Each structure stands twice: as C-alpha cells, then as structure tokens.
Amino acid sequence: MFKRILIANRGEIACRIIKTARRLGIATVAVFSEADRDALHVEMADEAVPIGPPPASESYLVIEKIVAACKSTGADAVHPGYGFLAEQAALPAALAKAGIVFIGPNPKAIAAMGDKIESKKAAAKAKLSIVPGHLGAVGDAKQAARIADEIGYPVMIKASAGGGGKGMRIARSQAEVAEGFARARSEAKSSFGDEQVFIEKFIVDPRHIEIQVLGDKHGNVIHLGERECSIQRRNQKVVEEAPSPLIDAATRRKMGEQAVALAKAVAYDSAGTVEFVVAQNRSFYFLEMNTRLQVEHPVTELVTGIDLVEQMIRVAAGEKLKLEQSDVELSGWAVETRVYAEDPLRNFLPSIGRLVHYRPPAERSAGAITVRVDTGVYEGGEISLYYDPMLAKLITHAGTRKEAIAAQADALDAFAIEGCRHNISFLAALMQHKRWQAGKLSTAFLAEEFAEGFRPTSRPWPPPWITCSASESAVFLGSGRERPSRVSAGARYASATASSRLRLRGKARHSWCGSKAPASRAALSWRQLGDRAIRSGRALSMIG
C-alpha cells in the first residue's frame with residue numbers, strides 16, 4: 001500500500017480523497033495555487049505544496065509542477081480527482097516515467113475513451129447500442145448538412161474531445177445545421193484545443209443515465225448500478241440520484257453488461273463511468289465513457305456501501321477486486337444536489353466573495369436517514385473567480401425515493417450561507433416540484449419547467465421583511481402562483497408579539513442559525529432577525 005498520496009486537485013474532491021486516505025492510514029499531500037493558499041484542502045492535508053499563480057493553466061494543469069511536487073514530498077502515488085488533469089493521458093505517462101503511480105486508469109484506456117469519435121467506434125466494436133450517426137469527424141458545414149439529412153432531424157452536433165456540455169448544439173432543420181456546426185466547432189477549439197466535431201441522432205425527450213464500473217489490473221470488471229443525471233442546466237448536471245426511477249432490474253442488467261463489456265474491451269482498470277442516453281421506453285444508447293471519478297459518485301457509494309476512492313487506491317496498488325458482481329446490492333435511495341455560489345435570479349451568474357456565514361447541515365446517519373456533505377470551503381473563506389463555484393455536494397440516503405427527497409429538502413432547509421449568492425432556494429424548489437417527485441424526468445426538465453428562468457412572478461419572494469421556511473418560499477419561487485398581498489403579509493409580520501416563537505427547521509427554538517444566540521443578538525428586533533436569516537438562506541417562520 002502507498003505511504004503518501006498527492007492529490008492533484010482542489011476543493012471538495014480533494015477534501016473527500018483526503019478523508020479516505022486518512023482512514024486508510026495514508027499520508028496526503030495537497031497542491032495549491034496562490035488563490036488557494038488558505039483553502040480547506042490545504043489545511044486538511046498532512047503537507048501542502050504551492051504550484052503557481054491562480055489561473056489553472058499556470059498551476060493545476062501543469063503536469064511538470066505536479067511531478068515536481070511528488071518528488072519534493074516523496075509522494076509515491078497521485079489521485080487526480082475529477083476535472084483538471086484527470087482525463088489527460090499525458091499525466092499518468094509522465095508519472096510512470098518518474099516512478100510514481102497514477103490512481104486511475106491506464107493511459108491507453110484514457111486515450112481510447114477520451115476521443116468521442118474513437119470511443120464510439122470502440123463501443124460499436126464491443127457491440128454496445130449506439131446512437132445512429134456518423135462515426136467520423138465532419139469536415140465542413142456542407143458535409144454536416146448532408147449527414148444530418150441522411151440521419152434525420154433533430155441531430156446533435158458534438159465536439160469530439162468534448163465534455164461538460166461544451167461544444168454541443170442541437171439542429172432541428174437543415175437551416176440550423178450550418179450555424180450549429182460553426183458554433184460547436186468554435187467552442188470545441190476554444191475549450192479543448194480540438195475543433196473536430198461529429199453528428200449523431202438526437203433522442204427526443206431523453207434521460208441521462210450512467211453506469212458506474214470498477215476494474216482492476218487483473219482483468220476483473222464489475223458494475224455498481226446506475227445513476228440518473230437527467231436534471232441538467234445547459235448540459236451540466238444539477239441533481240443526481242441512484243438508482244434511477246425509470247430503470248427496472250432487466251434494463252439495469254443489460255446496461256450493466258454493456259458497460260462492463262466496453263470496460264473490458266479497453267482493459268479498464270479503475271473506477272469509471274459509462275454514460276447512456278435513455279429513451280422513455282427504456283431503450284438506451286451509448287453516449288460516452290468518463291475515465292475518472294465522477295462528481296456524483298457519492299450516491300453510488302450510499303446505495304452500495306462501497307467507498308469508490310478506497311477501491312481506486314487499492315486497485316492502483318495492485319490489489320485484486322474483492323467484490324464480484326453477485327456481491328453488489330443496491331439498498332435504498334440516494335439524492336445529491338450541487339450547491340453553487342451562483343445567483344438563480346440572475347440566470348445563475350457565478351458569485352464571489354467571503355463566506356461570512358457558512359453552516360452546512362450536520363452530517364448524520366440516524367435510523368433510516370443519512371445526510372452527507374462533501375465540501376471544500378469554510379466559514380470565513382473566499383470564493384474565487386478562478387475556479388468552479390461549487391461550494392458543496394449535499395447527499396441524502398433513505399429507504400425510499402420519497403424519503404430521500406424529503407430528507408434532502410430538510411437538509412437544504414438547514415443549510416445556511418451568507419456572504420455570496422447561492423442556489424439553495426432553487427434546489428429547494430426542485431425538491432418540491434411535483435414532476436420531479438413523480439420521477440417523470442428528461443434532460444429538458446429544467447428548460448420545460450423553468451422556461452422563463454428561475455423567477456418569482458414580479459420580484460423576489462418572500463421579500464426580506466417576511467420570514468418563512470426555504471421550502472415554503474420555494475413554492476412561490478418555483479411556481480406561477482401570485483404573491484400574497486404585501487400589506488397583509490406586512491401586517492402579519494408587524495403583529496408578531498413577544499409571545500411568538502422563532503422556528504428553525506420546523507422546531508421551536510431561540511437560536512441563531514443553529515447555535516445559541518448571544519445576548520446582543522437576543523435584543524435584535526424581529527425584523528432584524530428576519531432580514532439576517534433570509535440573507536443567510538436559513539429557514540425561519542413566525543408562529544403564534
């Protein structure tokens with residue numbers, strides 16, 4: 001087993017990897033840019049190495065600096081997390097030359113699955129179900145139009161080296177092909193340095209469902225069931241769950257078999273994800289393979305009881321998988337929401353600043369309910385403009401989907417943030433949405449249900465002079481219901497008496513965002529309490 005692991009990443013995923021390494025008795029090394037000098041992952045690691053200026057292109061994406069940090073600290077292995085260098089075959093190749101182990105798949109598997117065109121060819125060879133399309137790079141707009149006509153509309157124009165929803169355009173007619181081709185190609189070049197695009201049939205009303213696979217260096221590969229990732233905004237996942245409310249046992253077995261077949265075809269030897277686009281009739285087609293740990297891996301961990309980071313470390317160390325396919329059982333239901341520093345009322349504009357107040361709900365596993373928080377920030381920390389604005393992943397697990405959603409709603413209600421804008425009210429609205437609760441999902445869910453964006457009918461509701469729970473405010477924010485009268489609401493607020501009680505998360509308590517209020521705060525007026533709590537996103541209500 002490794003003695004010291006360097007995490008070539010930052011934020012919540014670096015912190016999450018450190019937790020498992022610590023449990024296994026492995027020392028950890030963090031790397032950090034100048035912007036992350038005081039970051040949580042730096043504090044948590046046993047040792048930390050500066051690697052350059054804030055821009056990722058000058059720090060986290062420089063392979064030579066990662067290798068140098070390993071050599072200076074004696075790290076014998078590197079975990080890449082997700083993003084940054086995680087799917088760059090050049091990283092494991094460079095590490096191997098330096099005698100350092102890469103905690104991830106082998107470079108050949110990364111290269112084979114990293115190119116979307118080549119991965120589809122490999123999938124077709126492994127007899128996976130493939131979306132009808134052109135398995136090759138499209139040279140120009142005329143060729144694109146000709147191919148689209150042959151496939152039949154609508155079509156999806158996609159970057160070959162793409163990911164994260166970038167370099168993708170839907171064309172519903174020949175007139176839209178030329179513009180879509182030009183934009184997809186331009187975005188592909190600016191985002192990935194590769195302007196190659198391909199075209200495939202766009203499945204109408206699709207769902208995005210992925211299979212978690214796990215392989216070792218001895219030829220063994222298993223799958224750990226599926227994750228539903230259909231709640232997306234601009235092709236970026238927002239909410240994930242496991243299992244999927246659509247998939248039955250027979251479909252799960254078929255999808256799992258195809259995912260394992262592809263993994264074996266490319267000699268895959270770590271944790272990875274095979275993504276499928278799934279029609280509402282459960283027909284499914286290979287989309288792509290992500291050769292890394294996924295952001296949403298916690299939902300799989302909670303329904304299987306398997307620590308994926310631990311398995312990646314053990315496999316990289318040369319151990320055989322101790323699990324067989326028959327050992328994998330899915331228990332209960334898990335839901336994950338991504339908490340971002342962004343303003344849902346301003347088209348999800350990223351927000352920066354100091355986290356004046358940051359209190360996630362307490363992690364717990366009591367009875368049938370589990371609440372888990374994967375975070376990489378802390379109260380008093382700075383949200384930088386240089387990196388992804390994710391603050392945390394909030395994951396709940398329960399015996400049923402309904403119970404897991406209810407637990408997620410309660411946990412969101414307890415999440416307190418002040419100092420930057422955040423999307424908790426939006427996530428709370430989703431948890432209360434009837435269509436989401438019914439499991440009637442598609443990748444167009446948000447576009448259809450929030451066609452005008454996340455907006456109240458006229459102005460933010462509730463206004464800062466009214467107190468209510470996050471779930472109550474979500475009912476107004478996520479629907480077209482008219483706001484109650486400002487006069488009557490204000491009158492209700494003004495009529496609160498000293499005998500009224502302050503309710504947090506449905507319980508009567510005299511507290512300040514979960515902790516006992518100091519004497520100075522006890523003297524605050526009801527209006528001041530309401531203003532402060534609404535700004536922090538905390539659940540408050542007045543009851544007589």
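Tutor: One definition before we dig in: a crossing is right-handed if the near helix is turned clockwise from the far one by less than a right angle, and left-handed if anticlockwise. Keep in mind, too, that this is a predicted model.

Student: Okay, so what is the hand of the crossing where helix 7 passes helix 8?

Tutor: Helix 7 covers residues 141-151 and helix 8 covers residues 174-192, and their axes come within 9 Å. Using the definition above, the crossing of helix 7 with helix 8 comes out right-handed.

Student: And are helix 7 and helix 8 roughly parallel, roughly antiparallel, roughly perpendicular or oblique?

Tutor: Their axes cross at roughly 135°. Roughly perpendicular takes in 65 to 115 degrees, and roughly antiparallel needs over 145. Neither class fits, so helix 7 and helix 8 are oblique.

Student: How many residues in the contact of helix 7 with helix 8 are nonpolar?

Tutor: Helix 7 brings Ala141, Ala144, Ala145, Ala148 and Asp149, while helix 8 brings Gln174, Val177, Ala178 and Phe181. Asp counts as charged, and Gln falls among the polar ones. With one charged and one polar residue set aside, the nonpolar count is seven.

Student: What about helix 3 and helix 4: how many nonpolar residues are in their contact?

Tutor: Helix 3 (residues 63-73) and helix 4 (residues 90-97) pack at about 35°, with axes 10 Å apart, and their crossing is right-handed. Ile63, Ile66, Val67 and Cys70 of helix 3 meet Ala90, Leu91, Ala94 and Leu95 of helix 4. There are no polar and no charged residues here, and the nonpolar count is eight.

Student: Moving to the open sheet of five strands, which strands are at its edges?

Tutor: The pairing is parallel, and the order reads 3-2-1-4-5. An edge strand pairs on one side only, which fits residues 47-50 and residues 101-102. Those are strand 3 and strand 5.

Student: Which residue of strand 4 stands opposite Leu6?

Tutor: Strand 1 (residues 4-7) and strand 4 (residues 77-79) run parallel and are joined by three bridges. Leu6 has its opposite number in strand 4: Val78.

Student: Is Ser33 buried or exposed?

Tutor: Ser33 is in the loop between strand 2 (27-32) and helix 2 (40-44). Leaving out residues up to four places away in sequence, Ser33 touches Ile51, Gly52, Pro53, Pro54, Ser59, Tyr60 and Tyr387. Its relative accessible area is 1%, and the cut-off for burial is under 20%. So Ser33 is buried.

Student: How many of the seven residues of strand 12 are buried?

Tutor: Strand 12 spans residues 236-242 and pairs antiparallel with strand 11 (residues 221-233) over four bridges. Four bridges also join strand 12 to strand 15 (residues 333-340), again antiparallel. Strand 12 is mostly covered, and its buried count is six.

Student: Which residue is the bridge partner of Glu240 in strand 15?

Tutor: On the strand 11 side, Ile231 stands opposite Val239 of strand 12. On the strand 15 side, the partner of Glu240 is Glu336.

Student: Where is the cis peptide bond that has omega near -5°?

Tutor: Most peptide bonds are trans. One cis bond, with omega about 0°, joins Tyr153 and Pro154, and Pro154 lies in the loop between helix 7 and strand 7 (155-159). For omega near -5°, look at the start of the path from strand 12 to helix 9 (249-265), whose loop holds Pro243. The bond runs from Ala242 to Pro243.

Student: Which residue has a positive phi in the hairpin of strand 11 and strand 12?

Tutor: Most residues other than glycine have a negative phi. This hairpin has two residues between the strands, and one of them has phi near 55°. That residue is Arg234.

Student: Is Asp205 buried, partly exposed or exposed?

Tutor: Asp205 also has a positive phi near 55°, and its place is the loop between strand 9 (197-201) and strand 10 (207-215). Its relative accessibility is 33%, and the class between 20% and 50% is the one to use. So Asp205 is partly exposed.

Student: Last one: is Asn281 buried or exposed?

Tutor: Asn281 is in the loop between strand 13 and strand 14 (284-290). Its C-alpha is 9.8 Å from that of Ile247, 34 residues away along the chain. At 60% relative accessibility, Asn281 is exposed.

Terms used. Residues are numbered from 1 along each chain as its sequence is written. This is a predicted model: local features need pLDDT of at least 70, side-chain atom pairs count only at pLDDT 80 or more; totals for chains, interfaces and linings use all residues. Side-chain values use heavy atoms; hydrogens and water are left out. Two strands pair if DSSP finds at least two bridges between them. Axes are lines fitted to C-alpha atoms, for helices over the stretch in contact, and angles run from 0 to 180 degrees between N-to-C directions. Angles under 35 degrees count as roughly parallel, over 145 as roughly antiparallel, 65 to 115 as roughly perpendicular and the rest as oblique. Contact means heavy atoms within 4.5 Å. Buried means under 20% relative accessible area, exposed over 50%, partly exposed in between (1.4 Å probe, protein chains only).
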